[in-house]
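Trainee: I'd like to learn how to read strands and sheets in a model like this one. Can you walk me through it?

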Amino acid sequence: MEVNPPKQEHLLALKVMRLTKPTLFTNIPVTCEEKDLPGDLFNQLMRDDPSTVNGAEILMLGEMLTLPQNFGNIFLGETFSSYISVHNDSNQVVKDILVKADLQTSSQRLNLSASNAAVAELKPDCCIDDVIHHEVKEIGTHILVCAVSYTTQGGEKMYFRKFFKFQVLKPLDVKTKFYNAETDEVFLEAQIQNITTSPMFMEKVSLEPSIMYNVAELNSVNQDGECVTTFGSRAYLQPMDTRQYLYCLKPKKEFAEKAGIIKGVTVIGKLDIVWKTNLGERGRLQTSQLQRMAPGYGDVRLSLETIPDTVNLEEPFHITCKITNCSSERTMDLVLEMCNTNSIHWCGISGRQLGKLHPSSSLCLALTLLSSVQGLQSVSGLRLTDTFLKRTYEYDDIAQVCVVSSVIKVES
């Protein structure tokens with residue numbers, strides 16, 4: 001009968017512990033009224049308990065800190081820190097000790113060891129310590145692989161590994177919406193939801209624009225000369241709560257004049273989110289480049305530069321239109337026609353020649369009109385015809401204006 005030799009035990013012991021902030025100790029208060037049988041016994045026990053708060057013993061939250069009892073949750077954007085210790089449990093001197101720590105994700109394997117050099121020797125009851133840090137940038141399964149190799153006094157080379165598996169969870173749910181304005185401005189609405197089980201302190205939520213845009217944050221109001229956030233003095237985001245952030249992006253001057261370039265821009269920028277959790281543990285996320293659907297203006301774009309909000313009934317008012325040739329290679333010869341509607345009547349000559357408009361160039365046009373109907377009226381009825389291609393472009397509902405009775409004086 002064949003007998004297998006016993007498995008040789010290693011001379012070194014490996015211990016790995018995740019480094020996290022402690023938590024406040026909590027206890028369950030047990031109390032009763034003085035007329036009950038225990039009398040003041042329970043209350044006295046809570047007053048004598050060192051973990052309770054003096055004068056507020058019935059609160060569950062205490063003044064003492066407790067070390068984490070389990071691995072806990074790790075969220076995307078946080079920094080994973082771990083303490084690695086290799087201890088010589090034997091009575092021999094061990095030589096050429098090499099400790100290596102790798103983090104295996106679904107897409108890559110990262111070396112987290114501070115040094116790849118071997119330690120010459122390790123005496124009995126001595127240890128080698130190392131602390132590793134890694135900013136988590138992927139969700140899903142992660143495996144911390146710790147490998148130890150060494151040489152015994154007899155010259156035998158030994159090697160062993162340990163695996164520590166953990167899941168990285170998603171802390172925030174980020175949704176974005178884009179709104180394209182007629183003035184080439186782009187408004188971004190970002191909805192950020194806390195999908196963890198603990199509150200978050202939102203330290204910073206900013207938008208880093210692409211090279212063609214400047215950004216203005218619309219998340220504060222001016223009160224008595226000071227900018228006050230619209231979210232109040234407390235920037236905490238409770239579990240499952242959602243907060244909306246708004247940004248306005250304007251094309252830089254050197255790009256705004258080139259209509260063809262701005263027309264095709266889809267990359268807007270990326271969000272940079274920084275938060276803190278219990279006892280100041282920091283997390284950070286950066287989204288990928290946010291992209292919008294580029295508005296389709298066609299070959300000719302008509303936009304409004306100026307228009308009054310409120311006008312008097314049956315009194316002329318003025319607007320300024322901007323006509324842009326969005327083509328990058330074709331010159332247009334344009335004719336303007338103004339068609340009256342049931343409520344809007346144009347003043348001036350219809351069918352007039354606007355002349356040639358070169359590629360990616362613009363012209364401003366002042367027009368006069370009046371309304372015969374009160375209420376909120378849509379400005380419609382403009383037609384541009386390219387005489388070269390015999391193509392007509394129709395522009396309806398380009399803006400709205402509030403028409404009031406002429407008896408009511410419109411504030412200038």
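Trainee: Let me start with one residue: which residue in β19 is the bridge partner of Phe 187?

Mentor: Keep in mind that we're looking at a predicted model. The general idea: strands of a sheet pair through backbone hydrogen bonds, either parallel or antiparallel. Here, Phe 187 has Cys 248 as its bridge partner in β19. That pair belongs to strands β13 (residues 186-194) and β19 (residues 242-251), which are antiparallel and share eight bridges.

Trainee: What is the strand order of the open sheet that holds β13 and β19?

Mentor: Read across it and you get β12-β13-β19-β15, four strands with antiparallel pairing. At the edges sit β12 (172-180) and β15 (213-217), each of which pairs on one side only. Going from one strand to the next, the twist averages 25 degrees.

Trainee: Got it. Which strands pair with β14?

Mentor: Take two partners in turn. Strand β14 (residues 200-209) runs antiparallel to strand β18 (residues 236-237), and two bridges join them. In that pairing, Met 200 stands opposite Leu 237. With strand β20 (residues 267-276), β14 pairs over eight bridges, again in the antiparallel sense. There you can find Pro 209 opposite Gly 269.

Trainee: Now a sheet with mixed pairing: what is its strand order?

Mentor: That open sheet has three strands, in the order β24-β33-β30. Its edge strands are β24 (310-312) and β30 (375-379), and each of them pairs on one side only. The twist averages 40 degrees from one strand to the next.

Trainee: How many bridges join β30 to β33?

Mentor: Five, and β30 runs antiparallel to β33 (residues 399-404). For a spot to click on, try Ser 378, which stands opposite Gln 400 in β33.

Trainee: Let's leave pairing and turn to the surface. Which residues make the nonpolar patch of about 240 Å²?

Mentor: Look for Met 17, Leu 19 and Val 131. Of these, Met 17 lies in strand β1 (residues 12-18).

Trainee: Why can Met 17 be part of a surface patch?

Mentor: Check how much of the residue is accessible. A patch residue needs over 30% relative accessible area. Met 17 has 47%, so this residue clears that cut-off. Met 17 is called partly exposed at that value, because exposed means over 50% and buried means under 20%.

Trainee: Thanks, I'll go back to Phe 187 and Cys 248 in the viewer and trace that bridge pair myself.

Definitions and conventions:
Residues numbered from 1 in each chain as written. Predicted model: local features only at pLDDT ≥ 70, side-chain atom pairs only at ≥ 80, totals over all residues. Heavy atoms only, no water. Pairing = 2+ DSSP bridges. Patch = residues over 30% accessible without salt bridge, like charges linked within 9 Å, V, L, I, M, F, W, Y side chains within 5 Å. Areas by Shrake-Rupley, 256 points an atom, 1.4 Å probe, with all protein chains shown as cover. Salt bridge = Lys/Arg side-chain N within 4 Å of Asp/Glu carboxyl O. Buried < 20%, exposed > 50% of the residue type's maximum accessible area, 1.4 Å probe, protein only. Axes fitted to C-alpha atoms, helices over the stretch in contact; angles between N-to-C directions.
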